Structures are given as structure tokens and as C-alpha cells.
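Here's a quick briefing on one helix pair and what surrounds it. Have the viewer open as you read.

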Amino acid sequence: MIKKVRAHVNQNEPLLFERSSPGKRGYQLPPLDVPAIDPATALGPQNTRAEIADFPEVSEVEAIRHFTRLSTHNYAIDLGLYPLGSCTMKYNPRVNEHVARIEGLAWAHPYQPESLGQGIMEVMATLEQMLAEITGMDAVTLQPAAGAHGEFTGILMVRALLQSQGHPRKKLLIPDSAHGTNPATATMAGYAVENIKSNALGMVDVDELSRSVDEDVAALMLTNPNTLGVFEENITRIAEILHAKGAQLYMDGANMNALVGIARPGDFGADVMHLNLHKTFSTPHGGGGPGSGPVAVKRHLIPYLPKPRLARVNDRWSWNYDLPQSIGRVRAFYGNVGMHVRALAYIMAHGGDGLRNATLDAVLNSNYLRVLLEPYYDLPHQSPTLHECVFSDARQAKRGVRTGDIAKRLIDYGFHPYTVSFPLIVPGAMMIEPTETEGKAELDLFVDALISIAKEIEETPDLVLSAPHDTRTSRVDEVGAARKPILRWKP
């Protein structure tokens, strides 16, 4: 039984171009009280036009209703649970937005004199110090604009370090459960990729790793906890194997929402890692950005950090460009500074105990879902999981229903789908991450929905195979939409 939503009228909404009617206006202006000027005479005919071709002409109320109705087509974190595994789609406290809109911070300009930028520079320096403490690392750069950008920055620093030793090496080791950006980063940085298989527990196979690490390996790119939500319990041994051969341990910090306040990657052997402020530290996520992917490093990598670096000179902040070993800029100016302000607001509002409690709640919520759903969905790896868990559609596939079908039916129950078919090492994966911001009532509704769908598959699988039923758009031809997208309106 669907508890969260019920069938309701869904208004179709044509394009604003299709609502347009010649001569309509959303405004009216009083007569000029100054002499009229011909724009073509004042600006030149090449710089003026009588009208914008095919520009929509609508009334004010039509424009308001159009955009209001469009807004109701969206699912948002302000509306309900976003169970996307590996994405940490958690609620962004409004205090973050309030602080980011403080005039002196919001209007700080990268070209303004350093004497006028001391406040925003203090914000950035404080955030760097706090992220270093949280990760157990020695220094942080805020330049990278997203997680993948942070990966690229980190691996460039590894390459610079090894190059300074006379040999940049040839390949990176990447587990088969890695995020797709990891092999892309390796390729962009000029490295070949060698996959490391997971063992039956869903962790890196340490014996295979030991056999694979040689003098041609620059680093291992490891997500911990990994994409199955499993903590790599042999992490210190993994670090020892790499360091013994002069290789580095790069940690993908996308899943730090499971570690903050509990464990520090620098303490268990990571040399360099990135963080996702738009995941772990609650700055806005999705919609194409902006994001922020700071990189934290151990002391031996500090000389290679992107420049400029913040420096304290005579009780004032300044930018230091005199860094001869730096890999150089990786981002215009100093990164997405608005995200830095939001992240610092989040960290300071929580404090150390609050950040730890958020991690504990995220792990508790995930395990609550795991226990309640395990009787109905296959759990391919039995290892303890932290902030997320990964089921498979193995039981439902026997009735012809796959993970994508279950996800589409979940929409009818009022929920955004979980992450479908990832990680690739789990066929038919159903990857779920509730985050710490969800209360028990919302989690119970989500569990009820998935249990109900499991029962529907046993009794009436066609109901799920043809879902969604109550959305404005029914099931679409995804292959056709991907191969022949319609991206532009034509009269």
C-alpha cells in the first residue's frame, strides 16, 4: 500500500514558447517623461534590433504559473529522502546559506587588494586547518572545483613527487569497485590503469595487491569505505605494501560521511586524498554544480600543492606564488569560495561532537535499512557496512524484474530512486545511502515502499515492469532519448 503519496492531478506543462501569443506583455510602462532617443542612431544599427526572434510573449500570470508548475515537477531534498548511494545527498542547513550571503563574503572579489580580503582569506585558512584536522593530514588546498577535479590534482602531485625522484612511474592500481572517475583521472594524468579485484568480503584482495605492486606503480586509488559501504579492514597493511615499493596511497574521500569524527585517513596511511564539500560537508549538490573538492596531503607532498598558497605575513594573510615545485594552478583564482563558506559554517555549527554524531547517525540509518530489507532483497556481500548498503535484484530477476524496474516503481511511492546498477561488481545493484538527515518516519516509509514492491513482483510483476504509473511522463524510451535527444525547440 502506498503511504507517502496518493494519486493526484498532474498538470501537463507546455513550453513557454508554445504558450506564447504575439503582443502579450508581462508589464506596462508609463509614457516617457524625457525626449525619446532612437537606439539605432545612438548605438549604431549593427548593435540594435527591433525584436528577439521567436522570444516568448506571455502575461505575468502565465509566466509565474509556468515556472511554478515546472518547480512541482522536481524531486528535491527539501521534499523527501534522496537514497542515492555513493552520492551523500543530504539536507543543506539553511544557516549555511545565510552565512554565505553575508555581504562582505558574498561580494568578495578575487581581484580586490589583499588588504580588503582578509576576512574571506581567514575563512579559507580556517577551513583548510579544520579539514586537515578532520582528515589527519598536514595541509589542504581548496582550489579543485569538484571531487573528480580533486582526484586529478592529487594524482598530478603524486606524479610531480615521483618525477622529482627521477621516475614518474607508469601505472595506477584501481580496485574493481572504484568510482568511474578514478580510471578517468589516471588516464588524464598519463598513467595506465590496472584493476585490483575484490575478495569475497567486498574488500581489496591484499595478496593480489602485493603481487601487483612493483617499481612501475605510482599509487593505488582507494575509496574507503568502498562503494559497497565496506570499510577496508586491511588498510594499514595496504599502505605498508605500497610504501615499501615507493608508491603512494591515494584515498578517494567521497565516502567520508562514514568516517568524520571516527577515523582519520592520515592515521591509517593515506598520503593524499580529496574531499567532497558538496557531499560530506553539506554544500549544495547536484544540478551541475558548483561543487568543491579540496585535496589534503601529508607533509612530503606539500611542496607540490597548487599555487598560490595562503601565507601569514606580519599578522596578515597574503598569497604566496613563490613555490617552485608546485604543480601550478588547477582552478581560476582560489576555488569555489561560496562552497568554502558554506562548509565552514556547517563544520562550526556542528562542532567536533556534532560531526561525530552525524557520522554515527548516517551509519545507524544505513544499517537500519539493511536489516529491514535483507529478508526481501539479496545482499551479495555479508561484510558489515557503514553509511550505505548494496542489495541486488537477484531474487526479483527470477520473475523478470530488474533493478531499473524497481527504481521506477519506487517513484510511484513518492521516492527518488536509489542508485541503479552500481557498483559494477554487483549485478543488478541497488545502492542505498540514507544519510544522517533522515528521521525514522521517513526511513520507515521507504522500507514499506520497497517491501511492498517486492510483494508486487511476486504477485503482479507486470505492475512493476510497466511503472511508473502516476507520474507526468510514463516510462520513456531511454535508448532513444540518449541517442536522439531533442534539445532545442523549433517553431
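At what angle do helix H7 and helix H8 pack, and how far apart are their axes? In this predicted model, H7 (residues 147–164) and H8 (residues 181–188) pack at about 40 degrees, and their axes are 9 Å apart. That angle makes H7 oblique to H8, because it falls outside the ranges for roughly parallel (under 35 degrees), roughly perpendicular (65 to 115) and roughly antiparallel (over 145).

**How the two helices meet**
- The crossing of H7 past H8 is right-handed.
- H7 brings Ala148, Glu151, Phe152 and Ile155 to the contact, while H8 brings Thr181, Asn182, Thr185 and Met188.
- Sorted by character, the residues of this contact are four nonpolar, three polar and one charged.

**The two sides of H8**
- Asn182, Thr185 and Ala186 are the buried residues to look for in H8.
- They sit on the same side of H8, because they cover an arc of only 100 degrees around the axis.
- Here's the general background: an α-helix has 3.6 residues a turn, so residues three or four places apart point the same way.
- Turn to the face of H8 that points away from the buried side, and you'll find the exposed residues Thr187 and Met188.

**What covers H8, and what follows it**
- The cover over the buried residues of H8 includes H7 as well as strands S2 (171–175), S3 (192–196), S4 (217–223) and S5 (248–253).
- Just after H8 comes Gly190, which has a positive phi of about 90 degrees.

Key
Residues numbered from 1 in each chain as written. Predicted model: local features only at pLDDT ≥ 70, side-chain atom pairs only at ≥ 80, totals over all residues. Heavy atoms only, no water. Axes fitted to C-alpha atoms, helices over the stretch in contact; angles between N-to-C directions. Helix = DSSP H or I, 4+ residues; strand = E, 2+ residues; numbered from the N terminus. Left-handed = near helix turned anticlockwise from the far one by under 90°. Contact = heavy atoms within 4.5 Å. Nonpolar A, V, L, I, M, F, W, Y, C, P; charged D, E, K, R; others polar. Buried < 20%, exposed > 50% of the residue type's maximum accessible area, 1.4 Å probe, protein only. Arc of directions from axis to C-beta.
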